[in-house]
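Colleague: Before we set anything up, could you walk me through one loop residue and the sheet beside its flanking strands?

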Amino acid sequence: MAFSFRACAQRDLGQKRTIILRVFRLRDPYKLQGRAGEVQDGLALQWTGMPTTVRSHAKINLGLYIGAPRPDGFHELATAYQTLELHDLVIVTARPAPTTSIRLTSNDHRVPTDNRNTAWKMVSLALEDLDAPAQVGIHIEKRLPVQGGLGAGSANAIAAMIGLEAELGLPATTAPIPPVFSRHAASNPDLDDLLIDIGLGGGNWPVRQLQLAEKVGSDVPLFLVGGAVLGRDHGQSVFPLPDFEPVWCVVALPPVGVSTPQAFRDWDALCATEGLTADASEDRLEQLSRAYVSAFAGAIPQGQHGSGSSGVPVLDGDLAGPQESALVRTGISSWIQNDFERVVFLQHPSLAEIKRLLAASGTPEAALHASLSGSGSALFGLYLAQRDALAAQERLTVAGVESKITRTLPRSEYWANMLVQQEG
């Protein structure tokens, strides 16, 4: 049985919210069952007449390992993505039309409003794939940095697609219910088998959406999973990891621009100096990938894989979760690292100092883990207690560095809170 979920939304209502969904049972992705039970032919396009607002969440990288450059110039990666509560808002209106037209606006003048924008690309590809022309309006209410290693643009792309599905009554991309993940075109059979062993394999990926997402950008597919996600190949081959309980996160936003292409060129030069080859680095990345899966599997009690924060204390008060974090319990925080730090910190020493402020090593307020996110320039620190996160933010404020406090966002909460309720 498949369902299409549709929600109309206007603005963020904060914590007091209830998502209102109109549900239609689908016998076929291209046939919609009417209220009287009659199945209608043709693609199920309906216009609600109201905008759909979608939360577009940020991500961080819990470790990022980079291979030597391949002959095609690309780099193999192994990383653990983690979604955060921090988000933009993407507001979508759409109605069937003879030909497709897209209009994109934003409150931030730095956001491209043409076909360079990832949200524009995603919507255009989705409509072309479905052969369903529509008149679409997209407004991106920016709350996240335009650049900085937080995946804001990639998340906007998936949020726009979710909004488009909701607006037109298309077969919806909805919250995955474990076990739902299995092999897809870019998958790794060994990792799939390991995920099945720990209870996170054996179902179906949203294959069409993943293929479209990969065309838009390497870290776009992760936002079709949410929570803790293993990324391989050049980041677009994604595997769900068991979620650990939420922890407090301080995101530092220094006024420094980091060029990702330059960071890769610097990494290539380092690989040449150290004699690291693509073949040798592939073995290392495969071992690290399996280590990620095994470590995250050990972070969650048996039978709770993929359950997000269920089974742990309610998120209020000073602690974000249990009194000992899975990052400490499993030892993950002792070995994960971001390879980009080896080259980016040489070019931008101020970023290394910000990491030191976030980490506060050897103090009672020390971070569980602190790191550059992606190639930067954003950095983050993870903390068990809110008071430690506030102390980190104060250290950054004294140093003149902007920051935001948030929490990590498990997969179940990522999907449950994605759509914003219409007021009234």
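Modeller: A word on terms first: two strands count as paired if DSSP finds at least two bridges between them. Please also keep in mind that this is a predicted model.

Colleague: Which residue in E13 is the bridge partner of Ala370?

Modeller: Strands E12 and E13 pair in the antiparallel sense, over 4 bridges. One residue that takes part in this pairing is Ala370, and its bridge partner in E13 is Gly381.

Colleague: Which strands stand at the edges of the sheet, and why is one side of each left without a neighbour?

Modeller: The sheet is open and has 4 strands, paired in antiparallel fashion in the order E12-E13-E11-E14. Because each edge strand has a single partner strand, one side of each lacks a neighbour in the sheet, and the strands concerned are E12 and E14 (402–407).

Colleague: Does Ser375 count as buried or exposed?

Modeller: Ser375 sits in the loop that runs between strand E12 (369–372) and strand E13 (379–383). The cut-off for buried is under 20% relative accessible area. Since the relative accessibility of Ser375 is 7%, this residue counts as buried.

Colleague: What is the length of the polar contact that joins the side chains of Ser375 and Thr260?

Modeller: Leaving aside residues up to four places away in sequence, Ser375 touches Val258, Thr260, Ala263, Phe340 and Val344. With Thr260, the side chain of Ser375 also forms a polar contact, and its length is 2.7 Å.

Colleague: What distance separates the C-alpha atoms of Ser375 and Leu150?

Modeller: Along the chain, Ser375 and Leu150 are 225 residues apart. In the model, the separation of their C-alpha atoms is 9.6 Å.

Technical notes: Residues numbered from 1 in each chain as written. Predicted model: local features only at pLDDT ≥ 70, side-chain atom pairs only at ≥ 80, totals over all residues. Heavy atoms only, no water. Helix = DSSP H or I, 4+ residues; strand = E, 2+ residues; numbered from the N terminus. Buried < 20%, exposed > 50% of the residue type's maximum accessible area, 1.4 Å probe, protein only. Contact = heavy atoms within 4.5 Å. Polar contact = N/O pair within 3.5 Å; in protein donor to acceptor, adjacent residues only side chain to side chain.
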